[in-house]
Amino acid sequence: MLDSPDFEALHQGEVLPDIAKSQAIVKKSDHLIFIYPIWWFSQPAILKGWIDRVFSNGFAYHEDENTFIPYLTGKSATVYITLGTEKNILVQNGMEVDHFMCSMTLGTLELVGISPVNVIPFYAVSKISNEERKIMLESIVI
């Protein structure tokens, strides 16, 4: 969560130790991997808070009144998501993964220069067998 100490540190040009640690990992990485469940067509709040704190102006990008410059170019990402719903149910209702993943892929990662971003969905995780879940887990490439 982005809270008062975070804002105060940002305005003073400081980076809190936990943020600096995450930023060092991101900076050193060529490829980022995110694994999370989809809740109400978005990422969990804890991940959103981490992004808000770590992908800050001055680290992930530069923005002023005239320009926006992404700083995380040369990196790529894979986003593994789990869903409780079957793919056909989502498609029938016009809710394909690309529609609700746009805020993460385009509005977050690609905006700060991370590209390409590959999204790999795992559907109906709560409804499938343990064997099917095991196959999903084994397909994750880290």
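Analyst: A residue counts as buried under 20% relative accessible area, as exposed over 50%, and as partly exposed in between. The model here is predicted, so ask away about what the labels rest on.

User: Let's try that out. Why is D52 called partly exposed?

Analyst: D52 has a relative accessible area of 29%. Partly exposed is the class between 20% and 50%, so D52 falls into it with 29%.

User: What makes the contact between D52 and K48 a salt bridge?

Analyst: The cut-off is a side-chain nitrogen of Lys or Arg within 4 Å of a carboxyl oxygen of Asp or Glu. For D52 and K48 the N to O distance is 2.7 Å, so the pair qualifies under that limit. K48 is partly exposed too, at 41%. The two residues are four apart in helix α3, which means about one helical turn separates them.

User: How many salt bridges turn up in the whole structure?

Analyst: The search finds three. Another one joins R53 and D18, with the closest N and O atoms 2.6 Å apart. R53 belongs to helix α3 and D18 to helix α2, so this bridge ties together parts that lie 35 residues apart in sequence.

User: How do you know whether R53 and D18 are buried or exposed?

Analyst: Set each value against the limits. R53 comes out at 16% relative accessibility, and the limit for buried is under 20%, so R53 counts as buried. D18 comes out at 41%, so the label there is partly exposed.

User: What makes K134 and E138 a salt bridge?

Analyst: Their closest N and O atoms are 4.0 Å apart, and the rule asks for within 4 Å. So that distance is right at the cut-off, and the pair is counted as a salt bridge. K134 and E138 both sit in helix α6, four residues apart, about one turn of the helix. As for the surface, K134 is partly exposed at 43%, while E138, at 55%, is exposed.

User: Back to α3. Which of its residues are buried, and what do they pack against?

Analyst: In α3 (residues 45-54), the buried ones are L47, G49, I51, R53 and V54. They pack against α1 (4-11), α2 (17-28), β1 and α5.

User: Why is L109 called buried?

Analyst: The relative accessibility of L109 is 0%, and buried needs under 20%, so the label follows. L109 lies in helix α5. Leaving aside residues up to four places away in sequence, L109 touches F34, F55, A77, V79, M104, I114 and V117.

User: How far apart are L109 and L83?

Analyst: C-alpha to C-alpha, L109 and L83 are 21 Å apart in space, with their positions 26 residues apart in sequence.

User: What makes β1 and β4 a pair of strands?

Analyst: Pairing needs at least two bridges. β1 and β4 (residues 76-82) are joined by seven and run parallel, so they are well supported as a pair by that rule. One of the bridge contacts links H31 to its partner S76 in β4.

User: Why is the sheet called open, and which strands stand at the edges?

Analyst: The order is β1-β4-β5, with parallel pairing. β1 (31-37) and β5 (117-122) stand at the edges with a single partner strand each, so one side of each has no neighbour in the sheet. From one strand to the next, the twist averages 15 degrees. Helix α5 (residues 97-110) lies across β1, β4 and β5, and runs at about 145 degrees to β5.

User: What makes I142 part of a nonpolar surface patch?

Analyst: A patch member needs over 30% relative accessible area. I142 has 82%, which also makes it exposed, so that condition is met. With I33 and I35, I142 makes a patch of about 320 Å². I142 is found in the segment after α6 (130-139).

User: And what about the protein as a whole: how many helices and strands?

Analyst: Six helices and five strands. From the N terminus, the elements run α-α-β-α-β-β-β-α-α-β-α. Of the 142 residues, 36% count as buried. The protein exposes about 9,000 Å², with carbon and sulfur atoms supplying 57% of that.

Terms used:
Residues numbered from 1 in each chain as written. Predicted model: local features only at pLDDT ≥ 70, side-chain atom pairs only at ≥ 80, totals over all residues. Heavy atoms only, no water. Axes fitted to C-alpha atoms, helices over the stretch in contact; angles between N-to-C directions. Contact = heavy atoms within 4.5 Å. Patch = residues over 30% accessible without salt bridge, like charges linked within 9 Å, V, L, I, M, F, W, Y side chains within 5 Å. Areas by Shrake-Rupley, 256 points an atom, 1.4 Å probe, with all protein chains shown as cover. Buried < 20%, exposed > 50% of the residue type's maximum accessible area, 1.4 Å probe, protein only.
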